[in-house]
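Subject: Structure handover

Hello,

Here is the structure we spoke about. Please open it next to this message and follow along.

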Amino acid sequence: MMSIIRMNEDLNTNDLKKDFKKNGFVVIEDFLTEESAKKLHDFLIYGMPEDWWHTSFKIPSISDYVGMIRRYESNIDEISSVYSKAYDDFYDGKFSYVFDRTVNHVKGCSCLECEYKKFLESNEFLSVIKEITGIQISKREEVFSSRYTEGQFLSPHHDIDKGSLSLVYSLSKNWKPHWGGNLYLLDDDWTTIKKVVLSSYNRMVVTLMNSKKENVNGVPHFVSQVSSGVKYPRVSITGWVSE
């Protein structure tokens, strides 16, 4: 049966291949058909039940505390406390984060997020990714939706143990650069900025993270803090695939 998530057939894979070879990453505009992108966007913004979201956090100063709190009104005070502690570690230069994400759904779930996960295993997707990156993908790793609202952030880190390629599919409509929530790709010194990828709509960023062939071991990156007062969420679907 044909997937309800479909890739844009007009992608210029020759140019994308050149970009990936030169930079180790590629930004793909209009990655999916407009119909597919709109369905995913509307589901993440309007259709997904609030209690499917979990506030995920890492607080190194408290015994490297990592956890998730399911989004309920009754948990607001607990979540606010997590923010405060994570901010302290962030300003101290420790790897910390606070953002909302999903977890694995029940087996057999047919929601649009789960349909997107199936799409990442389809011949349609895998053949195009191989053409662009030269990497034969054999396995889908972790995939989840993420939502950044005001004050949320992800400090510098790398995904060295996550997979060969990272996939960040952005679905933020009319996002402004000064609102924050932008993806920064860094050089090996963890300071020099190689590329800033603004949060956008129907944009896929494919980044080489680990490769036996290219002898690459992680690309440092971070998501800048979403500015205070921003009312619209920065949404995307993040995942990794392996050789």
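Is C111 buried or exposed? C111 is buried, with a relative accessible area of 10%; buried means under 20% relative accessible area and exposed over 50%, with partly exposed in between (1.4 Å probe, protein chains only).

Before the rest, some ground rules. This is a predicted model, where local features need pLDDT of at least 70 and side-chain atom pairs count only at pLDDT 80 or more, while totals for chains, interfaces and linings use all residues. Residues are numbered from 1 along each chain as its sequence is written, and side-chain values use heavy atoms, leaving out hydrogens and water.

Back to the cysteines. The structure holds 0 disulfides, a disulfide being a pair of cysteine sulfur atoms within 2.5 Å. The sulfur of C111 is 3.6 Å from the closest cysteine sulfur, in C109, which is too far for a bond. C109 is also buried, at a relative accessible area of 16%.

Next, helix α3, residues 76-91 (helices, H or I, at least four residues, and strands, E, at least two, are DSSP runs numbered from the N terminus). Its buried residues are I79, V82, Y83, A86 and D89. Down the axis of α3 these fall within an arc of 130 degrees, so they line one face of the helix; the arc is that of the directions from the helix axis to the C-beta atoms. They pack against β2 (54-59), β3 (65-70), β4 (97-101) and β6 (153-157), where contact means heavy atoms within 4.5 Å. On the other side of α3, D77 and Y91 are exposed. Just after the helix, G93 has a positive phi of about 80 degrees.

Regards

Methods: Expected span 1.5 Å × (residues − 1).
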